[in-house]
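Colleague: I have the model open on my screen. I want to know what stands behind the labels.
Modeller: Ask away.

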Amino acid sequence: MASPHRTVFITGAATGIGREAARLFHARDCAVGLYDVNGPGVEALAAELGSRCFAAELDVTDADAFAEAADSFQNHFGRFDVILNNAGVLQMGRFEQVPLKMHTRTLDVNIGGVVNGVAAALPHLRANAGAHGRAHIINMCSASSLYGTPDHSTYSASKFAVRGLTEALNLEFESQGIVVCDVLPAYVDTEMISEQEDTSQLVESMGLEHTPAEVAELIWAAASGEKLHWFGNRQLSISDRLTRLFPTAARAVFRRQLEARS
C-alpha cells in the first residue's frame with residue numbers, strides 16, 4: 001500500500017517512550033510501524049491510533065525477523081523515512097545482584113537490537129534518501145553514556161556502545177543522505193523505571209527528569225534535524241562537556257551516591 005505520508009518504524013512501541021513517540025508521529029500525519037516483543041501491546045496501540053498504522057510482534061535480537069519486518073514495512077507503506085531504535089531493557093542493582101543472563105540479554109537487546117535495526121533498515125533508507133530526501137536513523141541512548149553508571153553497569157555500557165556506533169555511522173552514512181543521531185535523556189517516568197525491584201539510589205536522588213511525551217518531542221525534532229546528539233535538557237549537554245573535561249569529578253559524584261546507599 002503506497003502512502004504519501006512520511007513513515008516511521010518504531011521498536012519498543014508497546015510502552016513508554018516508544019508508545020508516546022508513535023502517538024506523536026501519528027498525530028502529526030506520519031504513518032507508523034509499531035514493533036515490540038509484546039505483540040498484543042502494539043496491536044492495542046494500532047487499534048487506538050486507527051489508520052496509517054502497521055503493527056507486528058518483533059524480537060529485535062532476531063536479525064532475520066528484523067529484516068523481514070523492515071521489508072514488510074517498506075512493502076506496506078511504499079517508503080521508509082525513519083527508524084527509531086528504541087527497544088531496550090534494564091535491571092537495576094549491583095553487578096553481582098543481577099543474574100548473568102540479564103547482563104547478557106541487556107547487551108543483546110540494547111546493542112544487538114540497534115545493530116540489527118540499522119542493518120535491516122539501511123537498504124530501504126538509502127533508497128528513500130534518493131527518492132524523498134534525507135532519511136534518519138534515531139538510536140535511543142541515555143545520560144548513562146556520559147559516565148559509567150553504578151547500579152546499572154551493563155545498561156550503561158550498552159549505551160556507551162550505542163553512542164559510539166551512532167557517532168561512527170553518522171560519518172559513514174552522511175554521503176548517502178542518511179542522518180544518524182541519538183537521543184540522550186536522563187531518567188524517564190516509564191515502566192522501565194517504575195517496575196524495578198531494586199531502584200537505584202541515583203533515581204531517588206536525581207529524580208525522574210522527563211516524561212515519555214517530552215522525550216517523544218525530542219525524537220520528533222531529531223527526525224527532521226541534523227544534530228548528532230539530542231540531549232534531554234541543556235543541563236545534560238553541559239554535563240557531557242564537563243564529564244569529558246573532568247572525569248574525576250563525575251566519579252566523585254557517583255562514589256558519594258554509593259556511599260549514601262551503603
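Colleague: Leaving aside neighbours within four places in sequence, which residues is E167 in contact with?
Modeller: This is a predicted model, so keep that in mind throughout. E167 is in contact with L228, H229 and R244. A contact needs heavy atoms within 4.5 Å. For H229 there is also a backbone value: the C-alpha atoms of E167 and H229 are separated by 8.7 Å. The two are 62 residues apart along the chain.

Colleague: Where does E167 lie, and what makes it count as partly exposed?
Modeller: E167 lies in helix α5. Its relative accessibility is 29%. Buried is under 20% and exposed is over 50%. The value falls in between, so E167 counts as partly exposed.

Colleague: Helix α5 packs with helix α4. Why are α4 and α5 called roughly parallel?
Modeller: Their angle is about 15°, with the axes 8 Å apart. Angles under 35 degrees count as roughly parallel. Therefore α4 and α5 get that label. Their crossing is right-handed.

Colleague: Which residues make that contact?
Modeller: From α4 they include H103, L107, I111 and V118. From α5 they include Y155, K159, V162 and L169. By class, the contact of α4 with α5 has ten nonpolar, six polar and one charged.

Colleague: And α1 with α2: what makes them roughly parallel?
Modeller: The reasoning runs along similar lines. Helix α1 (residues 16–27) and helix α2 (residues 39–49) pack at about 25°. That value is set against the limit of 35 degrees. So α1 and α2 are roughly parallel to each other. Their axes are 11 Å apart, and the crossing is right-handed.

Colleague: What makes the contact there, and how does it divide by class?
Modeller: R19, A22, R23 and H26 of α1 meet L45, E48 and L49 of α2. That gives three nonpolar, one polar and three charged residues.

Colleague: How do you know that H136 is buried?
Modeller: Its relative accessible area is 1%. The cut-off for buried is under 20%, so H136 qualifies. H136 sits in strand β5 (residues 135–140). Beyond its sequence neighbours within four places, its contacts include R6, D81, L125, V179 and S224.

Colleague: W230 has 10% relative accessibility. Why is W230 called buried rather than partly exposed?
Modeller: Partly exposed starts where buried ends, and buried means under 20%. At 10%, W230 therefore counts as buried. W230 is in strand β7 (residues 229–231). Past the four nearest places in sequence, W230 touches residues including C181, D182, L218 and G225. W230 and I219 are 8.2 Å apart, C-alpha to C-alpha, and eleven residues apart in sequence.

Colleague: You mentioned C181. Is C181 buried or exposed, and what about C141?
Modeller: C181 has 0% relative accessibility, so it counts as buried. C141 has a relative accessible area of 2%. That is also under 20%, so C141 is buried.

Colleague: How many disulfides does the count come to?
Modeller: Zero. The rule asks for a pair of cysteine sulfur atoms within 2.5 Å.

Colleague: And across the protein, how many helices and strands are there, and what share of residues is buried?
Modeller: There are ten helices and seven strands. Of the 262 residues, 52% count as buried. Among contacts between residues at least 6 apart in sequence, 69% join residues at least 24 apart.

Conventions
Residues are numbered from 1 along each chain as its sequence is written. This is a predicted model: local features need pLDDT of at least 70, side-chain atom pairs count only at pLDDT 80 or more; totals for chains, interfaces and linings use all residues. Side-chain values use heavy atoms; hydrogens and water are left out. Axes are lines fitted to C-alpha atoms, for helices over the stretch in contact, and angles run from 0 to 180 degrees between N-to-C directions. Helices (H or I, at least four residues) and strands (E, at least two) are DSSP runs, numbered from the N terminus. Angles under 35 degrees count as roughly parallel, over 145 as roughly antiparallel, 65 to 115 as roughly perpendicular and the rest as oblique. A crossing is left-handed if the near helix is turned anticlockwise from the far one by less than a right angle, and right-handed if clockwise. Ala, Val, Leu, Ile, Met, Phe, Trp, Tyr, Cys and Pro count as nonpolar, Asp, Glu, Lys and Arg as charged, and the others, Gly among them, as polar. Buried means under 20% relative accessible area, exposed over 50%, partly exposed in between (1.4 Å probe, protein chains only).
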